[in-house]
2 protein chains.
Amino acid sequence: MSTSADDLRAIALAEFATAGYAATSLHRIAELAGLSKSSVLYHYSSKETLLEAAVAPAIDRMTAILDELASGPFTPARRSAFLDEFVDFILQYRREVNLFINQGPSLVDVPVIDRANEVVYRLAEHFAATTGSIEEKMRFGIALGGAAYTLCSQDEFGFALPIDETRAALVTILTELLAPIAVAGLVNQE
Amino acid sequence: MSTSADDLRAIALAEFATAGYAATSLHRIAELAGLSKSSVLYHYSSKETLLEAAVAPAIDRMTAILDELASGPFTPARRSAFLDEFVDFILQYRREVNLFINQGPSLVDVPVIDRANEVVYRLAEHFAATTGSIEEKMRFGIALGGAAYTLCSQDEFGFALPIDETRAALVTILTELLAPIAVAGLVNQE
DNA sequence: ACAGTTTCTGACCGATCGGTCAGGTTACCC
DNA sequence: GGGTAACCTGACCGATCGGTCAGAAACTGT
């Protein structure tokens, strides 16, 4: 609600994504926000709560996209629309996605990360279903992990690429990567 | 030299790659090796030394591949041979590569990681040169980050895919992803 | 001006971190 | 068997971690 709480959320998200959850101390977050550590713990009762607040919107958004996707047949038109939505999602929530991809496995005991891992699993399930070959699984993994890596390393290297050009390139590359999977999911051809 | 030192190196590498360098304590490594924390510090004088021992072979190998690549013109035959070598490298050193990709930016103060980041930069330079478009940069990033993600999440999910099939799929996908860049690097066509 | 609520802070706590050190244990060599 | 070097350990250190708590400071409505 207050600006301090929102500031803390944004700062924590950026630090968690770039430096890592374990490597980011509450003192560091407080320092960046111009507050004391106690104030951080006033707005968020624990470090874990802060992580949850930081990543929950991204999980909710991705869940909504998946629900919408599961509500009807996977026609080519829907496939294309989904890819656009997915790219927008990755662009808007690149820090959160990077956090899930890079630190998800090492934060399994945190409930909100489990929710995120479930969403990733649902997404993988939709693309590769149960009959996915090894190459299909790898195409999906490379697309997801690769997109997350490239987008967040932009932050880390300090410069920001023009967003519309980035989006167009991402749609091109992901469409190319996932095309065989999407076709197989639609007509299940060998 | 001794088996303890090698065991520690292997255990530390696996833990650093999956749980993260900051999140892995010397006590944890010692526990997995069946030793005391003091014994770990007997074989490696610090946690940073242990990290260096764990990742140095991968950096040396990648440096050698890049030196060889820079020693002559980038003919199609060399391009194909390089891709094979590169895929073998990623497969053999998947834990190290995953560590560089995921934690490189957050470990900039560690000298050996700086060496790794330099190697990644040399690699990127070779592919995208100075004229690389945004899409070319992203193709390279997705290939590298995506391959590292898919290979290491295999470890994390507990099962290992057949290696020859994995290698074949990886060559196919990376060739497809990097083809436009390699061609541009050779003849610099628009 | 007053009371009440929100926001913020420093002092403090137990736990764990990486690292040091003195000394015990094992293995090898003559 | 004695010496010696390699290996291993528990006790300990200062620093930092996440988190608690009592209370100061600032803002609110009346």
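Two residues are taken to be in contact if their C-beta atoms, placed from the backbone, lie within 7 Å. Everything below comes from a predicted model.

**Figure 1. Chain A and chain B meet through the same surface.** With that contact cut-off, 100% of the interface residues of chain B turn out to be interface residues in chain A too, so the two copies use the same surface to meet. The count is 31 residues of chain B against 31 residues of chain A. On the chain B side, the elements giving two or more residues are helix 1 (3-19), helix 6 (94-103), helix 8 (134-157) and helix 9 (163-187). Helix 8 of chain B hands over the largest share, 14 residues. Sort the chain B side by class and you get 15 nonpolar, twelve polar and four charged residues.

**Figure 2. How chain B maps onto chain A.** Rotate by 180°, with 0.0 Å of shift along the axis, and chain B superposes on chain A with an RMSD of 0.0 Å. The two copies are therefore related as by a two-fold rotation axis. Looking for a landmark on that axis? Gly146(B) is the residue of chain B that comes closest to the rotation axis, with its C-alpha at 1.8 Å.

**Figure 3. The surroundings of DNA strand D.** There are 17 residues around DNA strand D, and the ones that come nearest are Ser25(A), Ser46(A), Lys47(A), Ser38(B) and Ser39(B). Chain A supplies at least two residues from each of helix 2 (26-33), helix 3 (37-43) and helix 4 (47-70), and helix 3 (37-43) of chain B does so as well. As for chemistry, the surface near DNA strand D has ten polar, four nonpolar and three charged residues.

**Figure 4. The surroundings of DNA strand C.** Again, there are 17 residues to look at around this strand, with Ser38(A), Ser39(A), Ser25(B), Ser46(B) and Lys47(B) coming nearest. Two or more residues each come from helix 3 of chain A and from helix 2 (26-33), helix 3 and helix 4 of chain B. The breakdown for the surface near DNA strand C is four nonpolar, ten polar and three charged residues.

**Figure 5. Helix 1 against helix 4 in chain B.** These two helices of chain B pack at an angle of about 90°, and their axes are 9 Å apart. That makes helix 1 of chain B roughly perpendicular to helix 4 of chain B. From helix 1 of chain B come Leu8(B), Arg9(B), Ala12(B), Leu13(B) and Phe16(B), which meet Leu50(B), Leu51(B), Ala53(B) and Ala54(B) of helix 4 of chain B. This contact has eight nonpolar residues, one charged and no polar ones.

**Figure 6. Helix 1 against helix 6 in chain A.** Here the axes of helix 1 (residues 3-19) and helix 6 (residues 94-103) of chain A come within 9 Å and cross at roughly 40°. Helix 1 of chain A and helix 6 of chain A are therefore oblique to each other, and their crossing is left-handed. In the contact, Leu13(A), Ala14(A), Phe16(A) and Ala17(A) of helix 1 of chain A meet Arg95(A), Glu96(A), Asn98(A) and Leu99(A) of helix 6 of chain A. Grouped by class, that gives five nonpolar, one polar and two charged residues.

**Figure 7. Helix 4 against helix 5 in chain A.** The axes of helix 4 of chain A and helix 5 (residues 76-92) of chain A come within 11 Å, crossing at roughly 175°. That makes helix 4 of chain A roughly antiparallel to helix 5 of chain A. Arg61(A), Met62(A), Ile65(A) and Leu69(A) are the helix 4 side, and they meet Phe82(A), Glu85(A), Phe86(A) and Phe89(A) in helix 5 of chain A. By class, the contact has six nonpolar and two charged residues, with no polar ones.

Note on methods:
Residues are numbered from 1 along each chain as its sequence is written. Chains are lettered from A and ligands numbered from 1 in the order in which they are written. This is a predicted model: local features need pLDDT of at least 70, side-chain atom pairs count only at pLDDT 80 or more; totals for chains, interfaces and linings use all residues. Helices (H or I, at least four residues) and strands (E, at least two) are DSSP runs, numbered from the N terminus. Ala, Val, Leu, Ile, Met, Phe, Trp, Tyr, Cys and Pro count as nonpolar, Asp, Glu, Lys and Arg as charged, and the others, Gly among them, as polar. Axes are lines fitted to C-alpha atoms, for helices over the stretch in contact, and angles run from 0 to 180 degrees between N-to-C directions. Angles under 35 degrees count as roughly parallel, over 145 as roughly antiparallel, 65 to 115 as roughly perpendicular and the rest as oblique. A residue is near a molecule or strand if its C-beta atom, placed from the backbone, lies within 6 Å of it. A crossing is left-handed if the near helix is turned anticlockwise from the far one by less than a right angle, and right-handed if clockwise. Copies are superposed by least squares on the C-alpha atoms of residues with pLDDT of at least 70 in both.
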